[in-house]
Amino acid sequence: MTSTDPAPQPHATAEQVEAARLDSKLAQVLYHDWEAESYDEKWSISYDQRCIDYARSCFDGIVPDDEFQRLPYDRALELGCGSGFFLLNLIQSGVARRGSVTDLSPGMVKVATRNGQALGLDIDGRVADAEHIPYDDDTFDLVVGHAVLHHIPDVELSLREVMRVLRPGGRFVFAGEPTTVGNQYARRLADLTWNLTIRAVKLPGLGGWRRPQAEIDENSRAAALEWIVDLHTFSPADLEKMATRAGAVDVDTATVEFTAAMLGWPVRTFESTVPPGKLGWGWSRFAFGSWKTLSWVDANIWRHVVPKGWFYNVMITGVKPS
Ligand SMILES: C[S@@+](CC[C@H](N)C(=O)[O-])C[C@H]1O[C@@H](n2cnc3c(N)ncnc32)[C@H](O)[C@@H]1O
């Protein structure tokens with residue numbers, strides 16, 4: 001983080017949450033500062049081969065084959081980096097030599113920078129709003145983001161900023177954005193899981209599965225913010241039009257995860273509702289193995305049967321004209 005970056009605010013008060021209802025960017029900072037230190041655990045994020053392969057599969061799944069001879073890009077930027085999952089793992093997979101991890105949440109920049117340094121990567125971190133990227137024109141060869149566009153009020157403005165900071169011929173890749181149809185089933189399944197789990201752990205004999213009340217209250221306050229920070233869902237065609245209007249060429253989208261998302265959302269919600277560490281390795285192996293199997297079924301069977309827009313995640317790439 002730079003010396004002028006604001007400090008993280010990990011414990012939002014009820015008053016701050018109230019103020020955030022009218023200010024979506026304050027909500028982003030409070031919500032993501034709150035979850036920054038536990039984010040990797042909540043989302044089972046790691047910096048080993050499992051997540052390196054996943055990040056790389058997103059990149060390979062959308063970038064055309066003839067781009068691979070350009071790798072590694074020299075300088076990459078990540079917007080909305082969170083704990084650094086996407087760019088740190090892409091750098092580890094050989095996609096870029098060095099990178100800047102940026103986020104609106106100071107807490108996230110702190111964690112991402114720490115993670116990158118622990119891995120010995122050539123990275124720096126900075127608090128940055130994706131609508132006003134604090135870097136000069138023509139700076140980066142690659143701009144990436146994962147699960148960030150849906151949080152940005154003016155997505156097209158942000159994509160114009162991406163085009164500005166890319167060098168001519170540079171590429172952007174955004175992955176992990178919710179489709180409009182996918183978001184509907186994912187939210188319903190996650191809400192159902194949350195309500196069932198919260199009730200179940202109140203049953204006699206299940207006290208050990210219950211988080212302390214203060215934590216549940218803080219989680220509920222933060223969960224209220226989640227509705228404010230998730231601003232958009234996308235249809236692949238609309239997202240392509242936005243990128244083209246922002247000045248990109250060779251724009252393309254792809255979608256992934258159908259039944260895998262129907263499993264993944266309840267599993268992740270359940271994991272975040274019970275005390276950390278309660279479920280153990282056996283559960284993690286079961287959850288990841290099932291998700292992988294269903295992802296394979298989605299990619300090899302459902303892809304030929306259901307429309308592209310029904311899958312949960314959309315990714316998009318494009319190029320700044322030379
Ligand atoms: C769902 S998290 C994803 C984090 C990470 N990319 C990942 O996939 O694990 C979204 C991130 O976007 C950040 N964010 C939200 N609005 C932003 C904005 N306007 N500019 C930059 N980052 C933003 C949030 O603070 C948060 O860290």
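Analyst: A residue is called buried if 20 or more other C-beta atoms lie within 10 Å of its own, exposed if 12 or fewer, and partly exposed in between. The model before us is predicted, and this scale can be applied to D250 in strand β6 (residues 249-256).

User: Is D250 buried, exposed or partly exposed?

Analyst: D250 has 14 other C-beta atoms within 10 Å, so it counts as partly exposed. Its backbone also deserves attention: phi at D250 is positive, about 50°, although the residue is not a glycine.

User: Which residue in the loop between β4 and α7 has a positive phi although it is not a glycine?

Analyst: That residue is A147, with a phi of about 60°, in the loop joining β4 to α7. Because A147 has 18 C-beta neighbours inside 10 Å, it is classed as partly exposed.

User: What is to be noted about the peptide bond between L71 and P72?

Analyst: The bond is cis, with omega about 0°. P72 belongs to the loop between α4 (49-62) and β1.

User: How should one read the burial of a helix, and which residues of α7 are buried?

Analyst: The general idea comes first. An α-helix has 3.6 residues a turn, so residues three or four places apart point the same way. In helix α7 (residues 155-165), the buried residues are V155, S158, L159, E161, V162, M163 and V165. Among the elements that cover them are β1 (73-78), β4 (140-146), β5 (166-178) and α10 (236-245).

User: Why is β5 described as largely enclosed?

Analyst: Of the 13 residues of β5, ten are buried, and therefore the strand is largely enclosed by the rest of the structure.

User: Which way do the strands paired with β5 run, parallel or antiparallel?

Analyst: In a regular strand the side chains alternate between the two faces of the sheet. As for the pairing here, β4 and β5 run parallel and are joined by six bridges, with V143 opposite F172 of β5. Between these two strands the chain passes through α7, and the resulting β-α-β crossover is right-handed. β5 also pairs with strand β7 (residues 313-319), in this case antiparallel and through six bridges; V173 stands opposite T317 of β7.

User: How does one recognise that parts of the chain distant in sequence come together, and what does L189 touch?

Analyst: One looks for contacts beyond the immediate sequence neighbours. L189 lies in helix α8 (residues 180-200) and touches M262, W265 and P266, leaving aside residues up to four places away in sequence. The C-alpha atoms of L189 and T269 are separated by 9.0 Å, while the two residues are 80 apart along the chain. L189 is partly exposed, because it has 18 C-beta neighbours inside 10 Å.

User: Which residues come nearest to the ligand?

Analyst: The ligand has 21 residues around it, and H32, G80, G82, A130 and H146 come nearest. The elements contributing two or more residues to this shell are α2 (24-36) and α5 (85-92). By character, the shell comprises ten nonpolar, eight polar and three charged residues.

User: Where does the UniProt record place a domain, and what is the make-up of that segment?

Analyst: The unreviewed UniProt entry places "domain: Methyltransferase type" at residues 77-174. Over that stretch the chain is 33% helix and 33% strand, and its end C-alpha atoms are 12 Å apart.

Notes. Residues are numbered from 1 along each chain as its sequence is written. This is a predicted model: local features need pLDDT of at least 70, side-chain atom pairs count only at pLDDT 80 or more; totals for chains, interfaces and linings use all residues. UniProt positions are given in the numbering used here, feature names are shortened, and annotations may be inferred rather than shown by experiment. Helices (H or I, at least four residues) and strands (E, at least two) are DSSP runs, numbered from the N terminus. A residue is near a molecule or strand if its C-beta atom, placed from the backbone, lies within 6 Å of it. Ala, Val, Leu, Ile, Met, Phe, Trp, Tyr, Cys and Pro count as nonpolar, Asp, Glu, Lys and Arg as charged, and the others, Gly among them, as polar. Two residues are in contact if their C-beta atoms, placed from the backbone, lie within 7 Å. Two strands pair if DSSP finds at least two bridges between them. A crossover is right-handed if, with the strands pointing away from the viewer, the path from the first strand over the helix to the second runs clockwise.
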